[in-house]
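I set out to go through one chain entry by entry, noting what I looked up and what I found. The notes start with strand pairing, then turn to the whole chain and finally to single residues.

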Amino acid sequence: MSQTQFLKAENCTHLEHDWGTLDWLAGAPLGNSQNMTIGRCVIKAGEGNPLHSHPNCEEILVLIEGRIAHTIEDRREVEMNPGDVITIPPQLPHKARNIGDGDAVMFIAFSSAHREFQLEE
């Protein structure tokens, strides 16, 4: 029988980037999920994360606050507002760019506890 996992906020993984921050809240590396990865992404105003893909998993992204232009198939952009949800299939190159005046905050979920990340050109 599995046991409930509890992870205090100070034990989550916090990563700083020039464009914003990533907080990993659940996943195999943290020891609190063997089925999915959960995180929070903040992109600074006027910034964007690099074009990338996730070869081994689907990503679901929910915009909590701010405005995002998300690049998807054929380098097409879709504009996201708070509450909008995008589901990105495995291997699809994508990136998010903050088009608002303040921070854009996103909740992110992946269908693997061992999320892979690959930079694209």
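In which sense do strand 5 and strand 10 pair, and over how many bridges? I looked this up in what is a predicted model, and found that strand 5 and strand 10 (residues 104–110) pair in the antiparallel sense over six bridges. To fix the register I took Val62, whose bridge partner in strand 10 is Phe107.

I then looked for another pairing of strand 5 and found strand 8: strand 5 (residues 59–65) and strand 8 (residues 85–88) are also antiparallel, over four bridges. Here I noted Glu59, which stands opposite Ile88 in strand 8.

**Entry: the whole chain**

I counted the secondary structure next, and the protein chain comes to eleven strands and zero helices, so that its pattern along the sequence reads β-β-β-β-β-β-β-β-β-β-β. For the overall dimensions I noted that the C-alpha trace spans about 45 × 30 × 25 Å along its principal axes. I compared the radius of gyration with expectation: a compact globule of 121 residues would have a value near 14 Å, and the protein chain agrees because its own value is 14 Å.

I also looked at how contacts are spread along the sequence, and of those with a separation of 6 or more, 67% are between residues 24 or more positions apart. Buried residues make up 40% of the 121 residues, while the exposed area of the protein chain is about 7,000 Å², with carbon and sulfur atoms supplying 49% of it. On charge, I recorded 9 positive and 18 negative side chains, and the centres of the two sets lie 2 Å apart.

**Entry: strand 6**

Is His70, in strand 6 (residues 68–71), buried or exposed? I have it as buried, because its relative accessibility is 1%, where buried means under 20%. Leaving aside neighbours within four places in sequence, I listed its contacts, among them Leu61, Arg76, Glu77, Met80, Ile86, Ile88 and His94. Ile88 in that list is the residue I had already noted opposite Glu59.

Ile68 is placed in strand 6 as well, and it counts as buried because its relative accessibility is 0%. With the same sequence neighbours left aside, Ile68 is in contact with residues including Ile43, Leu63, Glu79, Arg97, Ile99, Ala104 and Met106. Val78, Met80 and Ala96 are among the contacts of Ile68, and they are also among those of His70. I checked one separation from here, and Ile68 and Leu15, which are 53 residues apart in sequence, are 20 Å apart in space from C-alpha to C-alpha.

**Entry: two backbone angles**

Most residues other than glycine have a negative phi. I therefore set down two residues with a positive one, beginning with Arg75, whose phi is near 60 degrees. Arg75 lies in the loop between strand 6 and strand 7 (77–80), and I class it as exposed because its relative accessible area is 55%.

Where does Gln91 lie? I place Gln91 in the loop between strand 8 and strand 9 (95–98), and although it is not a glycine it has a positive phi of about 75 degrees. Gln91 is exposed too, since its relative accessible area comes to 57%.

How values were computed: Residues numbered from 1 in each chain as written. Predicted model: local features only at pLDDT ≥ 70, side-chain atom pairs only at ≥ 80, totals over all residues. Heavy atoms only, no water. Pairing = 2+ DSSP bridges. Helix = DSSP H or I, 4+ residues; strand = E, 2+ residues; numbered from the N terminus. Rg over C-alpha atoms; globule rule 2.2 N^0.38 Å. Buried < 20%, exposed > 50% of the residue type's maximum accessible area, 1.4 Å probe, protein only. Contact = heavy atoms within 4.5 Å. Areas by Shrake-Rupley, 256 points an atom, 1.4 Å probe, with all protein chains shown as cover. Lys, Arg positive; Asp, Glu negative; His and termini not counted. Charge placed at Lys NZ, Arg CZ, Asp CG, Glu CD.
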